[in-house]
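Me: I would like to learn how to read cores, chain interfaces and domain interfaces from a model. Could we take them in turn, with the general idea before the case?

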4 protein chains.
Amino acid sequence: MLRVTVVGAGGYIGGELLRLLLGHPEIEVAGAVSSRFAGKRIDGVHPNLRSVTDLSFCAAEAVGECDAVFLALPHRVAMTQMDHWIQRSKLVVDMTGDFRLDDTEVFQRYYGEEHLAPQLLADFVPGLPELYRERLRAADLISVPGCMATAGVLALYPLVAHDLIDLRQGAQFDARTGSSGSGATAGPANLHAERSGAMRVFAPTRHRHEAEISRHLGLAAAMTATGVEAVRGVQTIGHATLRPGVDERTVRRAFREQYAKEPFVRVVAHQRGIFRYPEPKILLGSNFCDVGYALDADTGRLTVIGALDNLVKGGAGNALQCFNIRMGLPETLGLTFPGLHPL
Amino acid sequence: MLRVTVVGAGGYIGGELLRLLLGHPEIEVAGAVSSRFAGKRIDGVHPNLRSVTDLSFCAAEAVGECDAVFLALPHRVAMTQMDHWIQRSKLVVDMTGDFRLDDTEVFQRYYGEEHLAPQLLADFVPGLPELYRERLRAADLISVPGCMATAGVLALYPLVAHDLIDLRQGAQFDARTGSSGSGATAGPANLHAERSGAMRVFAPTRHRHEAEISRHLGLAAAMTATGVEAVRGVQTIGHATLRPGVDERTVRRAFREQYAKEPFVRVVAHQRGIFRYPEPKILLGSNFCDVGYALDADTGRLTVIGALDNLVKGGAGNALQCFNIRMGLPETLGLTFPGLHPL
Amino acid sequence: MLRVTVVGAGGYIGGELLRLLLGHPEIEVAGAVSSRFAGKRIDGVHPNLRSVTDLSFCAAEAVGECDAVFLALPHRVAMTQMDHWIQRSKLVVDMTGDFRLDDTEVFQRYYGEEHLAPQLLADFVPGLPELYRERLRAADLISVPGCMATAGVLALYPLVAHDLIDLRQGAQFDARTGSSGSGATAGPANLHAERSGAMRVFAPTRHRHEAEISRHLGLAAAMTATGVEAVRGVQTIGHATLRPGVDERTVRRAFREQYAKEPFVRVVAHQRGIFRYPEPKILLGSNFCDVGYALDADTGRLTVIGALDNLVKGGAGNALQCFNIRMGLPETLGLTFPGLHPL
Amino acid sequence: MLRVTVVGAGGYIGGELLRLLLGHPEIEVAGAVSSRFAGKRIDGVHPNLRSVTDLSFCAAEAVGECDAVFLALPHRVAMTQMDHWIQRSKLVVDMTGDFRLDDTEVFQRYYGEEHLAPQLLADFVPGLPELYRERLRAADLISVPGCMATAGVLALYPLVAHDLIDLRQGAQFDARTGSSGSGATAGPANLHAERSGAMRVFAPTRHRHEAEISRHLGLAAAMTATGVEAVRGVQTIGHATLRPGVDERTVRRAFREQYAKEPFVRVVAHQRGIFRYPEPKILLGSNFCDVGYALDADTGRLTVIGALDNLVKGGAGNALQCFNIRMGLPETLGLTFPGLHPL
């Protein structure tokens, strides 16, 4: 059994990771660190884990050496604690925003402050198996991308990899997200009476995750973000311009080829059925990222769509997938829940 | 009192119009035509009108002459009945898609069939007071635009009118809509268990309303449409490219000037507050279309946002506003409900 | 014009009252008191009032004499301020829980603390026009009942008034409520991610409003309360035992007679249609309380159902109805919005 | 591997069972019968099973012998096909309402028609492991109870089993349910625009499931049922009268003892936390039924609460649990998904 610690285990993404770890046959939860809840039972905070675990949260000091540490801390806290955790664990998987960008200037532009551990940036491998699987096999530091970035990157990546779009035109993304992305300590805008049924544009331009898309795809991405009525679930719609002469068949083939062997990416672009394009609600709890596309043949404009559960493939599940890869375990271990329909 | 008939009164938009007409001090409802419900009480179908009216639906044949007829028919039916209603009423206000485009070829491209009354197209004035108020004062035939078209047009119009964007770049819109837009006879995709909490991309390219935006703004618009969790409410996010040198102050002034005297358009682009940009949920039941904008100064990319209640400013309310203008009544008569918060 | 002040105007019920007052033809808003928001614009907090009012919140000290003061304070604060407001206004309408019970012992049992102004209790007339209209005409102090109490009382009252049920058996009520009842400063249980889609039993026994039902109906009421997915809306289902020999016809007649002349109570117990029994969602924004019933003829058990918008007939609207009565105005003035369908 | 067939596999409960069977290590899906979808891919109807299975639906005639058949047919169809399936499979697990009552008169009273296979009724063992586990070990015919009945029975059973309540007083239940219970072919009342946010009382008295509660608990149960905003999830609140002298400690002990060894029933009645009582939303996808209680010590009135996912513990999951018992497999096999939080 591999001994694993979750730091920031009292939040939504920490709780989701605990759910996955407790169901993983090769993992033993060595510690669930929470400064807010240390000493309290885990299932008092994450009620879905009642009867699943009797463990309690602990303080950071109580954690000894372990095989992996996952950080589910608030943004900006991870970079202050990173040295500490590196010394306690050979593998650190960071699920915060702190190590997602490799350029300190870009970081400053998007996060509005200086990076506090710039010397570590180059050592982090992006936790995106579909693009960086080989590097992940040997990584000691992994930074899991933002949920909307993952959906956006995976939706457009086949076209970039197959050189089918005009990179100079960049790409415009509109992301929609559920409320769990704001976390368990969210402010007044996440009060149910305000958030329910809303279509709240909280980032009309320059959502942070656009910087990650730009980095991974090598083009200028722009992203808006809107909170819609959902607790879990992210969907990104992206727009790019095809190179002249690229037709739908070529696009389809690029998607199929790119993801033929990926265990957690499905191409969804159907002629019939209720959910013909990627739909977050059938992915909740699952580690899938569904991707799809549609073409306006008259104009050469391409729409790509990505959907995932922000707490799973957009966070804890993706982190565990990276861990499986790194540890040489079957990549899908503990991640096979298929999602529910209807839900 | 002006005698008014609603044709297609059993649907959602017909019911919403009945609600508005029954509360209008200068209007008498002369007939509520429904082929499905003729003979049945109106409040059996529209339960919010219990104790408001004792009227029943009637058949089309029962309608005599009246001052205005509003058509809330299914798309494609209006154009087969238009001659009939023109003979019974000096003013016909059509709320369907049949007379929204003035070019039969464009109609065929977007609706997939030939127009059956092309000779009438030129006579229809678009029911969009913010662009065509003067023409509406004398109109006998009015075609109310599509809900997403209205939100998209009003959000981008100030920039077009003030010549601030590069028209050659076109504009990309992503629209989100509630389920009431699919009507009271919607199919399996609108079953609650399927639709609830979904982000269903039903038009990944070329939603019909993009043709209306292109017509009214004189640029190539592209629109995707997604059904999100809401019953009422439409929001469109649009992207365009500013002309070189246009700054935020100029954009802000264009919006303020354009809509300073408009009773039902509010500019919402604030620094603080929960709803800093146009939010449909605070508009439900109201005739407002809120519009806003945000600028990425580094790239010159502009985001515009429009929001409205699809059954009111996106349909029945807008139709009544046009009627008020046409009849020389105060424009806001019967349309002053401000919306609810929270909701 | 009558000059009216709202105290606690920054909350949900205060905001709803402002909406109603600003649309009332005989009222001038003299002050909108908020300790939290004094000096800030009202429409910054209540965004549905954008373009409806330019007023700002003020401090309590800024309020001079006025014709009526409405208190929308947190529970327990109203009783500490009551003397102050009585001196500034001939009429005080309290929308809090502080003066809803006339027995200090019962108050202590349900609120867990001593009443701080017991000498005033006897002077308050319950703000329930359907039971106390004549007393309200001369009232100087009015206490508006709790939202679930109003729905429960109005649903069962015809049977009590017509002596059709066995009072000794008491009555069991199960209430369901939306999240707005918890107010704009609600805690973690009202975070969207927790509250969305929940059926959260927050009072499995002895909800406070049961004491009000017991008082007004003269029987022992028991009430549970559950938060369900809705922002506005309350529904109570009640169970009582009919006296031997009472049949459905007698029950129906009691309901019809009791509410034949009531402007805001409708009897809804139909054989057909989607909403055959009282449904909150078609009442949102309206001042209606719909009531209905069903009989199990085999057992003599009766189910009664009441529904309303907790912020309107369950709060601000009911308060305004009382005000209209007290001031000799038409009872429905400013309260005629019928509600929306679908919503 | 045990060969299993699902009949009525195109509906919601059939789809949920397929999800569970496909993840069960000892089961091979031998057939997924659907008259509507025969020949079509399963994942075209149940999109959460994309990449999980390549199977297609088949016709009833295509099914050969198998180890078990599960019927997820519409009510009233199962009893016409039962003989057919009994001949093809040693074990038949019926998830419809047709064999839930053992008294043909009671059946007629609640279902409004004569039973067509009365001779089989006595052979069915109720599919409720918590009450009938030993009989299930040898059962060849199993009838899974209704979702609200299961929640109601399990919530009150400890008090009946420990003889703590006055059976003569009967028990009153109020059930709340999500929309998936109406199935994939539900009518206009389940259109999203109507059902969303509703609290629709569809059974103000005598919901069918009350007859099952009466049968299993040996008292006169009465049940109302309301559709609230949720897709999955059922919650029942029940009221009964304790015998004189029974205190909270005794009640607590009865619950703890009754369910100490049950793998899928948890007692939830806490002093702290957001979800102190049984909450369906944290159970979605899981096979748990959470039960809780609260006591009004002054009156001896007891409230019990049960919650479950209607498609899992209220249907397919419960059926699979019964199958595991019958086949001598570990009872929890394939049923260990713990549910999600938040959701």
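Me: Let us start with a single side chain in a core: which residues does Leu156(D) touch, once residues up to four places away in sequence are not counted?

Reply: The general idea is to set sequence neighbours aside and look at what remains. In this predicted model, Leu156(D) touches Ile165(D), Ala171(D) and Phe173(D), and also Leu217(D), Leu219(D), Ala240(D) and Val304(D), when residues up to four places away in sequence are left out.

Me: Which residues touch the most other members of the largest nonpolar core?

Reply: That core holds 97 residues, and those touching the most other members are Phe70(D), Leu156(D), Leu159(D), Val291(D) and Phe323(D). Its largest share, ten residues, is supplied by helix H6 of chain D, residues 147-161. Because both domain 1 (2-123) and domain 2 (147-308) of chain D give residues to this core, it lies between them. Another core, of 91 residues, lies apart from it and includes Leu21(B), Leu91(B), Met148(B) and Phe288(B).

Me: How should I read the relation between two copies, and by what turn can chain B be laid on chain A?

Reply: In general, two copies of a chain are related by a rotation about an axis and a shift along it. Here chain B can be laid on chain A by a turn of 180 degrees with a shift of 0.0 Å along the axis, and the RMSD is 0.0 Å. The two copies are therefore related as by a two-fold rotation axis. Within chain B, the C-alpha nearest that axis belongs to Glu229(B), at 2.8 Å from it. The same surface serves both copies, since 100% of the contact residues of chain B recur in chain A.

Me: What area is buried between chain B and chain A, and how many salt bridges does the rule find across their interface?

Reply: It helps to take the contacts, the area and the charged pairs one after another. In contact are 48 residues of chain B and 48 residues of chain A, and the area buried between the two chains is about 3,900 Å², with carbon and sulfur atoms giving 55% of that area. On the side of chain B, Glu194(B), Met199(B) and Ile274(B) lose the most area to chain A, together 18% of what that side buries. The rule finds four salt bridges across this interface. Arg206(A) and Asp298(B) meet through their side chains in a salt bridge, with 3.3 Å from N to O.

Me: Can the same reading be used inside one chain, and what area is buried between domain 1 and domain 2 of chain A?

Reply: The steps carry over, with domains in place of chains. The assignment for chain A gives domain 1 (2-123) and domain 2 (147-308), and their C-alpha centres lie 26 Å apart. Twelve residues of domain 1 are in contact with 14 residues of domain 2, and the buried area is about 1,300 Å², of which 48% comes from carbon and sulfur atoms. In domain 1, the residues losing the most area to domain 2 are Tyr12(A), Arg100(A) and Tyr110(A), together 49% of what that side buries. Across this domain interface the rule finds three salt bridges. A salt bridge also joins Arg232(A) and Glu16(A), whose closest N and O atoms are 2.7 Å apart.

Me: Finally, is Asp166(A) buried or exposed?

Reply: The relative accessibility is compared with a cut-off, and under 20% counts as buried. Asp166(A) has a value of 11%, so it counts as buried. Asp166(A) is found in the loop between helix H6 (147-161) and strand S7 (171-177) of chain A, and beyond its neighbours within four places in sequence it is in contact with Thr241(A), Leu242(A) and Arg243(A).

Key: Residues numbered from 1 in each chain as written. Chains lettered and ligands numbered in written order. Predicted model: local features only at pLDDT ≥ 70, side-chain atom pairs only at ≥ 80, totals over all residues. Heavy atoms only, no water. Core = buried A, V, L, I, M, F, W, Y, C linked by side-chain atoms within 4.5 Å. Buried < 20%, exposed > 50% of the residue type's maximum accessible area, 1.4 Å probe, protein only. Helix = DSSP H or I, 4+ residues; strand = E, 2+ residues; numbered from the N terminus. Domains from an automatic or database assignment. Contact = heavy atoms within 4.5 Å. Least-squares fit on C-alpha atoms with pLDDT ≥ 70 in both. Buried area = accessible area lost by both parts, 1.4 Å probe.
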